Amino acid sequence: MEPVLEFVKLTENGPLPATIGAGDTHRYTLEIRHTADSTSSATDLRISDLLDPEIFWVDDSTVTTDCPGTLDINSPGAGSTGTVEFSLDELTLLTGRCEISYDVQASGTLSLPLVFPNTATLTWYSALETGVESRRGDLTASNRLVSVIDAALSKVVTGTSVPRTGDAALTPGVTDLAIGERVSYRLRVRRRYHQRRHVDRHL
(Lines give C-alpha, C1' and ligand atoms only; values in the text may rest on other atoms or scores of the structure.)
Protein backbone atom coordinates (compact mmCIF):
# COMPACT_ATOMS: atom_id res chain seq x y z
CA MET A 1 0.00 0.00 0.00
CA GLU A 2 1.69 3.18 -1.14
CA PRO A 3 0.69 6.68 -2.27
CA VAL A 4 1.72 7.68 -5.80
CA LEU A 5 1.32 11.42 -6.40
CA GLU A 6 1.59 13.94 -9.21
CA PHE A 7 2.71 17.51 -8.54
CA VAL A 8 2.44 20.45 -10.94
CA LYS A 9 3.04 24.19 -10.75
CA LEU A 10 0.66 26.32 -12.80
CA THR A 11 0.81 29.96 -13.88
CA GLU A 12 -2.24 31.97 -14.91
CA ASN A 13 -1.66 30.28 -18.30
CA GLY A 14 -1.99 26.82 -16.77
CA PRO A 15 1.06 24.61 -17.46
CA LEU A 16 2.55 27.22 -19.82
CA PRO A 17 4.87 30.09 -18.81
CA ALA A 18 3.28 33.52 -18.33
CA THR A 19 4.52 37.02 -19.12
CA ILE A 20 5.03 39.59 -16.39
CA GLY A 21 6.07 43.25 -16.34
CA ALA A 22 7.88 45.30 -13.72
CA GLY A 23 5.73 45.54 -10.57
CA ASP A 24 3.06 43.17 -11.90
CA THR A 25 1.29 40.71 -9.60
CA HIS A 26 0.91 37.09 -10.70
CA ARG A 27 -0.92 34.11 -9.22
CA TYR A 28 0.76 30.71 -8.99
CA THR A 29 -1.08 27.45 -8.25
CA LEU A 30 0.41 24.23 -6.86
CA GLU A 31 -1.65 21.11 -7.55
CA ILE A 32 -1.18 17.76 -5.80
CA ARG A 33 -3.13 14.68 -6.86
CA HIS A 34 -3.15 10.92 -6.44
CA THR A 35 -2.50 8.94 -9.64
CA ALA A 36 -4.46 5.87 -10.72
CA ASP A 37 -1.65 3.73 -9.27
CA SER A 38 -1.96 5.22 -5.79
CA THR A 39 -3.18 2.76 -3.15
CA SER A 40 -3.03 4.68 0.14
CA SER A 41 -3.16 8.14 1.69
CA ALA A 42 -0.13 10.43 1.73
CA THR A 43 0.82 11.95 5.07
CA ASP A 44 3.09 14.73 6.35
CA LEU A 45 3.12 16.59 2.99
CA ARG A 46 5.62 19.43 2.78
CA ILE A 47 6.20 21.88 -0.07
CA SER A 48 9.30 24.05 -0.38
CA ASP A 49 8.90 26.74 -3.05
CA LEU A 50 12.00 28.80 -3.89
CA LEU A 51 11.13 32.18 -5.44
CA ASP A 52 13.40 33.89 -7.96
CA PRO A 53 15.31 36.86 -6.44
CA GLU A 54 13.32 39.22 -8.69
CA ILE A 55 9.96 37.75 -7.59
CA PHE A 56 8.50 38.73 -4.20
CA TRP A 57 5.97 37.13 -1.88
CA VAL A 58 2.91 39.41 -1.65
CA ASP A 59 1.33 38.34 1.65
CA ASP A 60 0.06 35.22 3.44
CA SER A 61 -3.48 36.55 3.08
CA THR A 62 -3.41 35.87 -0.69
CA VAL A 63 -3.13 32.11 -0.11
CA THR A 64 -6.23 30.06 -0.95
CA THR A 65 -6.57 26.28 -0.83
CA ASP A 66 -9.06 23.46 -1.00
CA CYS A 67 -6.67 21.07 0.73
CA PRO A 68 -8.28 19.34 3.74
CA GLY A 69 -7.31 20.18 7.30
CA THR A 70 -4.97 22.98 8.32
CA LEU A 71 -2.44 24.37 5.86
CA ASP A 72 0.62 25.75 7.65
CA ILE A 73 2.55 28.55 5.89
CA ASN A 74 6.11 29.65 6.52
CA SER A 75 6.85 32.57 4.20
CA PRO A 76 9.71 35.09 3.82
CA GLY A 77 7.33 37.93 4.75
CA ALA A 78 5.35 40.44 2.70
CA GLY A 79 7.40 42.11 -0.03
CA SER A 80 10.36 39.75 0.44
CA THR A 81 11.85 36.97 -1.68
CA GLY A 82 13.12 33.60 -0.55
CA THR A 83 11.56 30.22 0.18
CA VAL A 84 7.88 29.65 0.91
CA GLU A 85 6.96 26.48 2.80
CA PHE A 86 3.56 24.82 3.06
CA SER A 87 2.73 21.76 5.17
CA LEU A 88 -0.34 19.54 5.20
CA ASP A 89 -1.12 16.58 7.48
CA GLU A 90 -2.73 14.26 4.96
CA LEU A 91 -4.11 13.88 1.43
CA THR A 92 -6.40 10.85 1.39
CA LEU A 93 -7.30 8.71 -1.59
CA LEU A 94 -10.91 9.77 -1.10
CA THR A 95 -9.97 13.46 -1.41
CA GLY A 96 -7.91 12.66 -4.50
CA ARG A 97 -6.45 16.07 -5.20
CA CYS A 98 -6.08 19.57 -3.82
CA GLU A 99 -4.42 22.84 -4.76
CA ILE A 100 -2.77 25.86 -3.18
CA SER A 101 -2.76 29.27 -4.89
CA TYR A 102 -0.92 32.45 -3.94
CA ASP A 103 0.22 35.81 -5.33
CA VAL A 104 3.73 36.97 -6.14
CA GLN A 105 4.92 40.33 -7.43
CA ALA A 106 7.74 41.15 -9.86
CA SER A 107 10.42 43.63 -8.90
CA GLY A 108 9.68 47.21 -9.88
CA THR A 109 12.97 47.32 -11.79
CA LEU A 110 13.30 44.00 -13.55
CA SER A 111 16.83 43.12 -14.61
CA LEU A 112 18.37 40.33 -16.64
CA PRO A 113 17.69 37.45 -17.07
CA LEU A 114 14.41 37.89 -18.88
CA VAL A 115 13.19 34.48 -17.69
CA PHE A 116 12.42 33.93 -13.99
CA PRO A 117 12.24 30.18 -13.24
CA ASN A 118 10.54 28.80 -10.18
CA THR A 119 10.80 25.25 -8.79
CA ALA A 120 8.83 23.76 -5.91
CA THR A 121 9.62 20.48 -4.14
CA LEU A 122 7.01 18.20 -2.57
CA THR A 123 7.82 15.47 -0.04
CA TRP A 124 5.42 13.06 1.66
CA TYR A 125 5.25 9.76 3.55
CA SER A 126 3.06 6.71 3.20
CA ALA A 127 0.53 6.10 5.96
CA LEU A 128 1.77 3.99 8.87
CA GLU A 129 0.77 0.34 8.66
CA THR A 130 1.31 -2.48 11.14
CA GLY A 131 4.67 -4.12 10.49
CA VAL A 132 5.43 -1.86 7.49
CA GLU A 133 7.87 1.04 7.60
CA SER A 134 6.61 4.37 6.35
CA ARG A 135 8.12 5.26 2.97
CA ARG A 136 9.12 8.71 1.73
CA GLY A 137 8.34 10.13 -1.69
CA ASP A 138 9.36 13.37 -3.39
CA LEU A 139 8.66 15.29 -6.59
CA THR A 140 9.58 18.65 -8.10
CA ALA A 141 7.40 20.97 -10.20
CA SER A 142 8.67 23.91 -12.24
CA ASN A 143 7.30 26.78 -14.24
CA ARG A 144 8.52 30.26 -15.14
CA LEU A 145 7.58 33.86 -15.69
CA VAL A 146 8.93 35.80 -18.67
CA SER A 147 9.40 39.55 -18.45
CA VAL A 148 8.23 41.80 -21.25
CA ILE A 149 10.79 44.58 -20.71
CA ASP A 150 12.39 46.08 -23.79
CA ALA A 151 9.97 44.25 -26.05
CA ALA A 152 8.34 45.94 -29.02
CA LEU A 153 5.59 44.50 -31.21
CA SER A 154 4.89 45.61 -34.78
CA LYS A 155 2.28 44.38 -37.24
CA VAL A 156 2.43 44.84 -41.01
CA VAL A 157 0.30 43.61 -43.90
CA THR A 158 2.34 41.27 -46.13
CA GLY A 159 -0.32 40.41 -48.70
CA THR A 160 -4.02 40.30 -49.61
CA SER A 161 -6.22 38.14 -51.81
CA VAL A 162 -7.01 41.12 -54.09
CA PRO A 163 -3.89 42.05 -56.13
CA ARG A 164 -4.88 45.73 -56.64
CA THR A 165 -5.47 46.45 -52.92
CA GLY A 166 -3.73 49.68 -51.91
CA ASP A 167 -3.85 52.32 -49.20
CA ALA A 168 -4.81 55.47 -51.07
CA ALA A 169 -8.61 55.32 -51.00
CA LEU A 170 -9.24 56.09 -47.35
CA THR A 171 -6.63 56.61 -44.62
CA PRO A 172 -3.10 56.97 -46.06
CA GLY A 173 -0.82 54.18 -44.87
CA VAL A 174 -3.72 51.94 -43.81
CA THR A 175 -4.52 49.08 -46.19
CA ASP A 176 -7.91 49.38 -47.92
CA LEU A 177 -9.82 46.09 -47.78
CA ALA A 178 -12.96 44.76 -49.44
CA ILE A 179 -15.57 42.67 -47.64
CA GLY A 180 -14.41 39.04 -47.57
CA GLU A 181 -10.86 39.87 -48.64
CA ARG A 182 -8.13 37.63 -47.18
CA VAL A 183 -5.24 39.39 -45.39
CA SER A 184 -1.80 38.12 -44.33
CA TYR A 185 -0.02 39.84 -41.44
CA ARG A 186 3.48 39.61 -40.05
CA LEU A 187 3.97 40.19 -36.33
CA ARG A 188 7.49 41.15 -35.27
CA VAL A 189 8.66 41.00 -31.68
CA ARG A 190 11.94 42.73 -30.84
CA ARG A 191 13.73 41.71 -27.66
CA ARG A 192 17.10 42.23 -26.02
CA TYR A 193 20.18 40.61 -27.54
CA HIS A 194 18.77 41.73 -30.92
CA GLN A 195 16.58 38.65 -31.09
CA ARG A 196 13.67 38.80 -33.50
CA ARG A 197 10.75 36.48 -33.92
CA HIS A 198 8.40 36.60 -36.88
CA VAL A 199 4.89 35.14 -36.76
CA ASP A 200 2.78 35.09 -39.90
CA ARG A 201 -0.99 35.16 -39.55
CA HIS A 202 -3.63 34.84 -42.28
CA LEU A 203 -7.09 36.29 -41.70
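In this predicted model, a salt bridge joins the side chains of R33 and E6, with a nitrogen-to-oxygen distance of 2.7 Å. The two partners belong to distant parts of the chain, since R33 sits in strand β3 and E6 in strand β1, which covers residues 5-10, and their positions lie 27 residues apart in the numbering. Neither side of the pair is classed as buried: R33 has a relative accessibility of 25% and counts as partly exposed, and E6, with a relative accessible area of 36%, is partly exposed as well.

Strand β3 also takes part in a second pairing, in which the side chains of R97 and E31 meet in a salt bridge at 3.4 Å from N to O. Here R97 comes from strand β9 (residues 97-106) and E31 from strand β3, so that the link spans 66 residues of sequence. The surroundings of the two partners can be compared through their accessibility: R97 is partly exposed at 32% relative accessible area, whereas E31, at 13%, is buried, because values under 20% fall in that class.

These pairs are parts of a wider arrangement, for E6, E31, R33, D66, R97 and E99 are linked in a network of salt bridges. In general, side chains of opposite charge can pair when their charged atoms come close. Over the whole structure, the search finds 10 salt bridges. Another of them brings together the side chains of D44 and R46, at 3.1 Å from N to O; D44 is partly exposed with a relative accessible area of 31%, and R46 is likewise partly exposed, at 46% relative accessibility.

Strand β9 leads on to a covalent link. C67 and C98 form a disulfide, with their sulfur atoms 2.1 Å apart, and the count for the model comes to one disulfide. C67 is located in the loop between β6 (64-65) and β7 (72-74), while C98 is in strand β9, and the bond therefore ties together parts of the chain that are 31 residues apart in sequence. The torsion about the S-S bond of C67 and C98 is about 80 degrees, which means that the disulfide is right-handed. Both C67 and C98 are buried.

Following strand β3 (25-34) to the loop between it and β4 (42-50), the reader comes to S38. S38 is buried, with a relative accessible area of 9%. The side chain of S38 makes a polar contact, at 2.6 Å, with the side chain of H34. Once neighbours within four places in sequence are set aside, the residues in contact with S38 are E2, P3, V4 and L93.

A further buried position is A18, whose relative accessible area is 4%, and which is found in strand β2, made up of residues 18-20. With neighbours within four places in sequence again left aside, A18 is in contact with T11, N13, H26, R144, L145 and V146. The separation in sequence can also be set against the separation in space, for the C-alpha atoms of A18 and N143 are 8.8 Å apart although the two residues are 125 residues apart along the chain.

Notes. Residues are numbered from 1 along each chain as its sequence is written. This is a predicted model: local features need pLDDT of at least 70, side-chain atom pairs count only at pLDDT 80 or more; totals for chains, interfaces and linings use all residues. Side-chain values use heavy atoms; hydrogens and water are left out. Helices (H or I, at least four residues) and strands (E, at least two) are DSSP runs, numbered from the N terminus. Buried means under 20% relative accessible area, exposed over 50%, partly exposed in between (1.4 Å probe, protein chains only). A polar contact is a pair of N or O atoms within 3.5 Å; within protein, one must be able to donate a hydrogen and the other to accept it, and residues adjacent in sequence count only if both atoms are side-chain atoms. Contact means heavy atoms within 4.5 Å. A salt bridge is a side-chain nitrogen of Lys or Arg within 4 Å of a carboxyl oxygen of Asp or Glu. A disulfide is a pair of cysteine sulfur atoms within 2.5 Å.
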